[in-house]
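Hi everyone, thanks for coming. Let's take a few minutes to look inside a protein together.

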Amino acid sequence: TRKDLARIAKGFTNLREALGEDIDIAVHCHWNFDWADALELARAVAPIKPMWLEDPIQVEYSPAWTKLTEASPVPILMGENLYLRQGFQPFIMNQGCHIIQIDIPKAGGLLEAKKIADLAALYSIPVCAHNVASPLGSLASAHAAAAIPDFLAHEVVFGRTLGDRSWEKFARYDGPFIRDGKFRILDKPGFGVELNEDHVRAHLKPGEEWWG
């Protein structure tokens, strides 16, 4: 409704005023809208210049994605629930979004993610990384992202432990995994990380055998 749109617009305006211009804001929709309502939402939040409108309509490609992307004043981002190049191909080739977001471990692994990004590059579509993996999986994802030329941003979700850095006890690394808001990619072999076996063993699920 118009009331809903006004409330949403006011909330994001308040957020922009509180954070200023130095912090980017993204608008996540969780596939909850049809394309007409998604366009109205994009217009409502456009004044705060969000990074993107994320996952506004259904997961699967349809021409509605292309119509929305063409008309939206806000960049359209999608992709966290797509798999392999076949899942991304119709979005990329039909300009069904402005930015693709690959869940690198889930979409097909590091090499497949690079192939998806290379396909997107042919159509001048930049790449972000969706990520709800463990610290080790996140670091692997960041390594793949470092090999993608037109890469914008990498998600990190380590829960409440991110602030106190306790998740770094699970692995031995040369300094913190993240510094100044960015993953540190080392030039050591592999991912440059070694599991702290004692700490990992202490956090196995009941009945789970050591797999390292």
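**A look at the inside**

Let me start with one helix. Helix 3 has these buried residues: Ala64, Trp65, Thr66, Leu68 and Thr69. And please keep in mind that what you see is a predicted model.

What covers the buried residues of helix 3? The cover includes helix 2, strand 3 and helix 4.

Now the wider picture. The largest nonpolar core has 37 residues, and those with the most contacts inside it are Leu53, Met78, Phe88, Ile100, Ile102 and Val127. Many elements take part: helix 2, helix 3, strand 3, helix 4, strand 4, helix 5, helix 6 and strand 5 each supply at least two of its residues. Helix 2 gives the most, with five residues. As background, nonpolar side chains in soluble globular proteins tend to be buried together.

Let's zoom in on Phe88. Setting aside residues up to four places away in sequence, Phe88 touches Gly79, Leu82, Tyr83, Ile100, Gln101, Ile102, Ala107 and Ile116. Apart from the largest core lies another one, of eight residues, including Ala142, Tyr173, Ile178 and Phe183.

Finally, the cysteines. How many disulfides does the structure hold? The number is zero. Take Cys97: the closest cysteine sulfur is in Cys128, 10 Å away, so the two are too far apart for a bond; a disulfide needs the sulfur atoms within 2.5 Å. Are these two cysteines buried or exposed? Cys97 counts as buried because its relative accessibility is 3%, under the 20% cut-off. Cys128 is buried too, at 1% relative accessibility.

Key:
Residues numbered from 1 in each chain as written. Predicted model: local features only at pLDDT ≥ 70, side-chain atom pairs only at ≥ 80, totals over all residues. Heavy atoms only, no water. Core = buried A, V, L, I, M, F, W, Y, C linked by side-chain atoms within 4.5 Å. Buried < 20%, exposed > 50% of the residue type's maximum accessible area, 1.4 Å probe, protein only. Helix = DSSP H or I, 4+ residues; strand = E, 2+ residues; numbered from the N terminus. Contact = heavy atoms within 4.5 Å.
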